[in-house]
Amino acid sequence: MAPRRPLPAAQASGLPPVVTAVGGNRAVLGEQLAGQLVPAGDVEGLAAGIEKMLAGEAAADIASSCRLRVERDFNLATMVAAYEAVYEALASQGVAVADP
């Protein structure tokens, strides 16, 4: 099953990502920044990142590592376990959690 978020979906498709540093993009790229992360609003940086990925030999390696990371970190079992951990943490703090 493909991820339902655009960045992981692109990564799962084998596309080397070039994204701006907004929202959770940095976290999705991971600590190794498997892709090109540019500051928000940096149009020239975004264009340069896209050109770098199109021209660079490393793009295929980056795309491959992104795909593997998505398969490992964003698969259904991993995501369900992450949500369960959040619910369990909230419940242990006395926060009311509705039954699914």
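S65 sits in helix α4. The model shown here is predicted. This briefing covers helix α4 and its salt bridges, then helix α5 and a nonpolar surface patch. There are 3 salt bridges in the structure, and R69, R72 and D73 are joined in a network of them.

**S65 in helix α4**

- Helix α4 covers residues 58-73, and S65 is part of this helix.
- S65 counts as partly exposed, because its relative accessibility is 33%, a value between the limits of 20% for buried and 50% for exposed.
- Although S65 and A34 are separated by 31 residues in sequence, their C-alpha atoms are 7.0 Å apart in space.

**The salt bridge between R67 and E71**

- R67 and E71 form a salt bridge, and their closest N and O atoms are 3.2 Å apart.
- Both R67 and E71 belong to helix α4, where they are 4 residues apart, or about one turn of the helix.
- An α-helix has 3.6 residues a turn, so residues three or four places apart point the same way.
- R67 is partly exposed at 38% relative accessibility, and E71 is also partly exposed, at 41%.

**The network of R69, R72 and D73**

- Side chains of opposite charge can pair when their charged atoms come close.
- D73 forms a salt bridge with R69, with an N to O distance of 3.5 Å.
- D73 also forms a salt bridge with R72, where the closest N and O atoms are 2.7 Å apart.
- These bridges link R69, R72 and D73 in a network.
- Within helix α4, R69 and D73 are 4 residues apart, so about one helical turn separates them.
- The members of the network have these levels of exposure: R69 is buried, with a relative accessible area of 17%; D73 is partly exposed, with 23%; and R72 is exposed, with 53% relative accessibility.

**Surroundings of R69**

- R69 lies in helix α4 and counts as buried because its relative accessible area is 17%, which is under the 20% limit.
- Leaving aside residues up to four places away in sequence, R69 touches A27, V28, L29, G30 and F74.
- One of these residues, A27, has its backbone oxygen 3.3 Å from a polar atom of the R69 side chain.

**Helix α5 and its ends**

- Helix α5 runs over residues 76-92.
- This helix has 17 residues and spans 24 Å from its first C-alpha to its last, close to the 24 Å expected at 1.5 Å a residue.
- At the N-terminal end of α5, N75 acts as a cap, with a side-chain oxygen 3.0 Å from the backbone nitrogen of A77.
- After α5 comes G94, which has a positive phi near 85 degrees.

**The nonpolar surface patch**

- Y83, V86, Y87, L90 and V95 make a nonpolar surface patch of about 470 Å².
- L90, one of the residues in this patch, is located in helix α5.
- L90 is partly exposed, with a relative accessible area of 31%; this value qualifies L90 for a patch because patch residues need over 30%.

Terms used. Residues are numbered from 1 along each chain as its sequence is written. This is a predicted model: local features need pLDDT of at least 70, side-chain atom pairs count only at pLDDT 80 or more; totals for chains, interfaces and linings use all residues. Side-chain values use heavy atoms; hydrogens and water are left out. Patches are made of residues with over 30% relative accessible area and no salt bridge: like charges are joined within 9 Å, nonpolar side chains (Val, Leu, Ile, Met, Phe, Trp, Tyr) within 5 Å. Accessible areas come from the Shrake-Rupley method with a 1.4 Å probe; for residues, only the protein chains shown count as cover. A salt bridge is a side-chain nitrogen of Lys or Arg within 4 Å of a carboxyl oxygen of Asp or Glu. Helices (H or I, at least four residues) and strands (E, at least two) are DSSP runs, numbered from the N terminus. Buried means under 20% relative accessible area, exposed over 50%, partly exposed in between (1.4 Å probe, protein chains only). The expected span of a helix is 1.5 Å times one less than its number of residues. A polar contact is a pair of N or O atoms within 3.5 Å; within protein, one must be able to donate a hydrogen and the other to accept it, and residues adjacent in sequence count only if both atoms are side-chain atoms. Contact means heavy atoms within 4.5 Å.
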